[in-house]
Amino acid sequence: MRNRYSLLLLCLLLGLPALASAQPRVAVTPPMGWNSWDSFGYTITQSQFEREADYMHQHLQKYGWQYMVIDEGWFARYPQRQGIARKVQGYDISKHGLYIPAPNRFPKGLKAVADYVHSLGLKFGIHIVHGIPRSAVEKNLPIAGSRYTARQAANQSDVCAWNTDNYGIKDNAAGQAYYDSMLKLYASWGIDFLKVDCISRPYNKHEIEMIHRAILKTGRPIVLSLSPGPTPLKDGLHAEQHANMWRISNDMWDIWYKPANAPSFPQAVPRQFAVLASWVPFRGPGHWPDADMLPIGTLEPHPGWGKPRKSRLNHNEERTLVTLWSIAKSPLIMGGNLLMMDPYTLSLLDNPQVIAVDQHSFANHPVTQDQNGAVWEAGGDKGDYVALFNFENKPRFMSVSWGQSGLHGPHAVADLWSHQSLGVMKQIRVKVPPHGTRLLLIEQKRN
């Protein structure tokens, strides 16, 4: 790790852009926050969003939760209309071809929303789909601050497979000017987080680099999040040099079981174990493989997939999800409706010891994994963490010897979810509930 940062410093001194893009000012630890998609889909309004921010401020901010993100469609006046979105949903676009907030849903504008979020001590983010609106290209609108027009920037052969509203952006001066104008506008609103969709599968290197350069030009510390996945593992080095978090799977929803040959959308929780394990070499300060949002609690009133509901995951499965994300140091982005929070879901989000695993542990990696379960471990300031996961449909005892974990026993062991001491153990042997987990702190003897 020391060599990586020495190389980064050298590249900064030489003015090399690729590694300078690591942006050490942001995402030093995995970002934590809330995103509107899992509960509101396209439909959230200014008043609804601000009330969610109020809850975050009052109940979760003190534990490190800080980003409040409006997901897709904040520029659509009529987001629930069916049909070709850009023709029936009433998109608002500026005279320079940039999406701007729908005035009937965000009457004071997104700068006012950002100001409100910032007044609470929180940070504000938005979602975009990569590229330029088709209507901007049809009208050949001018690009702000440049001599270029939309048609010069647009790659009309590049259309997102699941959202046809935009064309892609060419790798040319006009394309860079377009992204520069976009980030200049959105930075002026006060964004701290930009989620860019339909850009990491297929992996779009030149647009990722252009967006990153545009962010740097703003001088504002903005987290760059790439979506959806799976981001190709072969592009991991590029992703960590140009983004702060990137999706490593398709959309992850509240599903536990899927047949092995089932499609990857929606992604099921157990499938994330192997995916997260494959990304171990690419996580570190400023760059985090993203296992997607936490679809837990209540997914209402208009979830981005499926009908309004309580999460299909049971309590054991929800705890497994949060534990895996934490021991693998994924960003923690809550998807459930904060205003419909139940006590159990809150207990998954306000446990400072579990949050410390996600934020401050190191050397995180899997020890074992098979069809019946998995074991992960990591280092920490107060000792070592061991997470045991039971994939079976019944409770069972799981064991880990000190040799497997690289330790020498006996050690005092504590359960971080139950806040209970398990005493001094010669080896780890604990009962794990079905589809459940135990997250343990192995206390180290300090000289």
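**View 1. P308 sits in the loop between β11 (298-299) and β12 (309-310).** Strands here are DSSP runs of E with at least two residues, helices are runs of H or I with at least four, and both are numbered from the N terminus. This is a predicted model, in which local features need pLDDT of at least 70, side-chain atom pairs count only at pLDDT 80 or more, and totals for chains, interfaces and linings use all residues. Residues are numbered from 1 along each chain as its sequence is written, and side-chain values use heavy atoms, leaving out hydrogens and water. P308 counts as partly exposed because its relative accessibility is 48%; buried means under 20% relative accessible area, exposed over 50%, and partly exposed in between (1.4 Å probe, protein chains only). Beyond its neighbours within four places in sequence, P308 is in contact (heavy atoms within 4.5 Å) with L299, E300, P301 and P303.

**View 2. Eight strands make an open sheet with parallel pairing.** Following the sheet across, you meet β10-β9-β8-β7-β3-β2-β1-β13; two strands pair if DSSP finds at least two bridges between them. β10 (288-290) and β13 (332-334) stand at the edges with a single partner strand each, so one side of each has no neighbour in the sheet. From one strand to the next, the twist averages 25 degrees. Angles run from 0 to 180 degrees between N-to-C directions, and axes are lines fitted to C-alpha atoms, for helices over the stretch in contact. At the β13 edge, three bridges join this strand to β1 (residues 32-35), the two running parallel. One residue pair to look for is M32 with its bridge partner L332 in β13.

**View 3. Two helices meet the sheet.** Helix α4 (residues 46-60) packs on it, touching β1, β2 (67-70) and β3 (123-129), and its direction makes about 165 degrees with that of β2. Helix α6 (residues 109-119) lies across β2 and β3, at about 145 degrees to β3.

**View 4. D38 belongs to helix α3 (residues 37-40).** Leaving aside neighbours within four places in sequence, the contacts of D38 include W253, M293, L299 and G335.

**View 5. C160 and C198 form a disulfide.** Their sulfur atoms are 2.1 Å apart, and a disulfide is a pair of cysteine sulfur atoms within 2.5 Å. The S-S torsion is about 105 degrees, so this disulfide is right-handed. The pair links distant parts of the chain, 38 residues apart: C160 lies in the loop between β5 (154-155) and β6 (166-169), and C198 in the loop between β7 (193-197) and α10 (205-218). Both C160 and C198 are buried.
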